[in-house]
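Open the model in your viewer and keep the selection tool ready. This tour goes stop by stop, saying what to pick and what is there.

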Amino acid sequence: MFMAQDRLPVVQEMIMAETAEMRAVALARLLPMQRGDFYGILAAMDGLPVTIRLLDPPLHEFLPNIPDLEHEARRLKRRARKYSREANVNGGGAQAVAAVTQAQAKVDAALERLDRVQRMIRRARALAEANPMLGLRGCRLGIVFPDIYEMQARAIFEATARLVAEGRDPRPEVMIPLVGHVKELAATRAAVEAVAAAIVAETGRRLPVVIGTMIELPRAALTAGEIATEAEFFSFGTNDLTQTAFGYSRDDAEGKFLHHYIQTGILKENPFAVLDREGVGQLVRYGVDRGRAVRPGLKIGICGEHGGEPSSIAFCHEAGLDYVSCSPYRVPIARLAAAQAALAES
């Protein structure tokens, strides 16, 4: 949603904000956009649960890469010099004055754009990380910049309140990403609940407030019992869980050495395509057992590429998961695989 053409400039404005007050202005512009998104989704899914993951990617992903920005800065400097020369050309008459005025306007526009690009370069450098997939993203982002998650929570529950007022049955489920410690979830959960309570007070409507988390780090799986005290559902993010369990960067591994591992028999299959039962699968089983030991009714599923792969779906059934989530084009395969797993068990 944030990458949409009408949103991206506003998201970049939020990222570029140098103070909380400046960020609040950008968030105020994003709020009605997000509220409209969630209203439409919840309306379409009336009476059915909708899991909404709060902002997860690192912020630098919303900015152009630094080399492209530096190239644009050089181009704008050349353009400003060119227009400046045109503005300084001597000449008489109204036509010459108009040309100089027009050239000066172009200089000003180029310099204004150059200033924005240079500020974006500085911000991109400040946000740069050695390993951004393990850096400031997910719930860490929501803890460092709580106003971002508060805006999203307000959008969700304002949309929910509107639908309740219309006699609909919205069922949002808020998912906190990249939790590795129960205190991360406790902090973000409290912030989301505070927003929901405020909207209940504002509207006088009773709203469903269901909050859970993604289990995508080994520590989260190993401490699932603690995390379940703060979560009403788990979704195993098996893409990231595979990355962090193996210590593989997915993009690098698939592009550079996984094919060699498979050809030479080190690995039987690509673990990002077929769930690794012996390693990642054991983390999933452990997380399910520990989570349900604390909260027996805990709803658990997975999201990621494995949710549409038949043998991985069979494993999810064996492990006691309630659902799988997958790309739309994989839904028929996932339904068939889930049915086959149930039949095999019976």
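**Stop 1: A surface patch**

Select Ile41, which lies in helix H2 (residues 20-44). Remember as you look that this is a predicted model. Ile41 is partly exposed, with a relative accessible area of 32%. Now add Met1, Met45 and Leu48 to the selection. Together with Ile41 they form a nonpolar patch on the surface. The accessible area of the four together is about 330 Å².

**Stop 2: The whole chain**

Zoom out. The C-alpha trace of the protein chain spans about 95 × 65 × 35 Å along its principal axes. Colour by secondary structure, and you have 15 helices and 6 strands. The protein chain has 346 residues, and 43% of them are buried.

**Stop 3: Three strands side by side**

Select strand S1, residues 49-53. Which of its residues sit on the covered face? They are Val50 and Ile52. Pro49, Thr51 and Arg53 make up the uncovered face.

Next, add strand S2, residues 171-176. S1 and S2 run parallel, joined by 5 bridges. To see how they line up, pick Thr51: Glu173 in S2 stands opposite.

Move on to strand S3, residues 210-215. S2 and S3 also pair in the parallel sense, over 4 bridges. Here the residues to pick are Met175 and Gly212 in S3, which stand opposite each other. Is S3 enclosed or open? In S3, 5 of the 6 residues are buried, so this strand is largely enclosed by the rest of the structure.

**Stop 4: Rings**

Show the aromatic side chains. How many aromatic pairs does the structure hold? The count is 5. One of them is Phe234 with Phe236, an edge-to-face pair. Their centres are 6.5 Å apart, and the planes make an angle of 85°. Phe234 is buried, at a relative accessible area of 0%. Phe236 counts as buried too, with 0% relative accessibility.

Then select Phe246, Tyr248, Phe257 and Tyr261. Ring pairs link these four residues into a cluster.

One more ring is worth a click: Tyr39. Arg162 lies over the face of this ring, 3.8 Å from the ring centre.

**Stop 5: Salt bridges**

Side chains of opposite charge can pair when their charged atoms come close. How many salt bridges are there here? The count comes to 24. Visit three of them in turn.

Begin with Glu13 and Arg29. Their closest N and O atoms are 2.5 Å apart. Glu13 is in helix H1 (residues 8-16) and Arg29 is in helix H2, so this pair ties together parts that are 16 residues apart in sequence. Glu13 counts as partly exposed, at 25% relative accessibility. Arg29 is partly exposed as well, with a relative accessible area of 43%.

Go next to Glu70 and Arg125, whose side chains meet in a salt bridge of 2.6 Å, N to O. What does this pair tie together? Glu70 lies in helix H3 (residues 66-87) and Arg125 in helix H4 (residues 93-127), so the pair ties together parts 55 residues apart in sequence. Glu70 is partly exposed, with a relative accessible area of 27%. For Arg125, also partly exposed, the value is 48%.

Now pick Asp322 and Arg292. They form a salt bridge with the closest N and O atoms 2.9 Å apart. Asp322 is in the loop between helix H14 (310-318) and strand S6 (323-325). Arg292 is in helix H13 (residues 280-294). The pair links distant parts of the chain, 30 residues apart. Asp322 is partly exposed, at a relative accessible area of 48%. Arg292 is partly exposed at 21%.

**Last stop: A network**

Finish by selecting Arg35, Arg154, Glu158 and Glu202 together. What joins these residues? Salt bridges that share partners make them one network. Show their side chains as sticks to follow the links between them.

Key
Residues are numbered from 1 along each chain as its sequence is written. This is a predicted model: local features need pLDDT of at least 70, side-chain atom pairs count only at pLDDT 80 or more; totals for chains, interfaces and linings use all residues. Side-chain values use heavy atoms; hydrogens and water are left out. Patches are made of residues with over 30% relative accessible area and no salt bridge: like charges are joined within 9 Å, nonpolar side chains (Val, Leu, Ile, Met, Phe, Trp, Tyr) within 5 Å. Accessible areas come from the Shrake-Rupley method with a 1.4 Å probe; for residues, only the protein chains shown count as cover. Helices (H or I, at least four residues) and strands (E, at least two) are DSSP runs, numbered from the N terminus. Buried means under 20% relative accessible area, exposed over 50%, partly exposed in between (1.4 Å probe, protein chains only). Two strands pair if DSSP finds at least two bridges between them. Rings of Phe, Tyr and Trp (its six-membered ring) pair if their centres lie within 6.5 Å; planes under 30 degrees apart count as stacked, over 60 as edge-to-face and the rest as tilted. A charge sits over a ring if NZ of Lys or CZ of Arg is within 6 Å of the ring centre and within 35 degrees of the ring normal.
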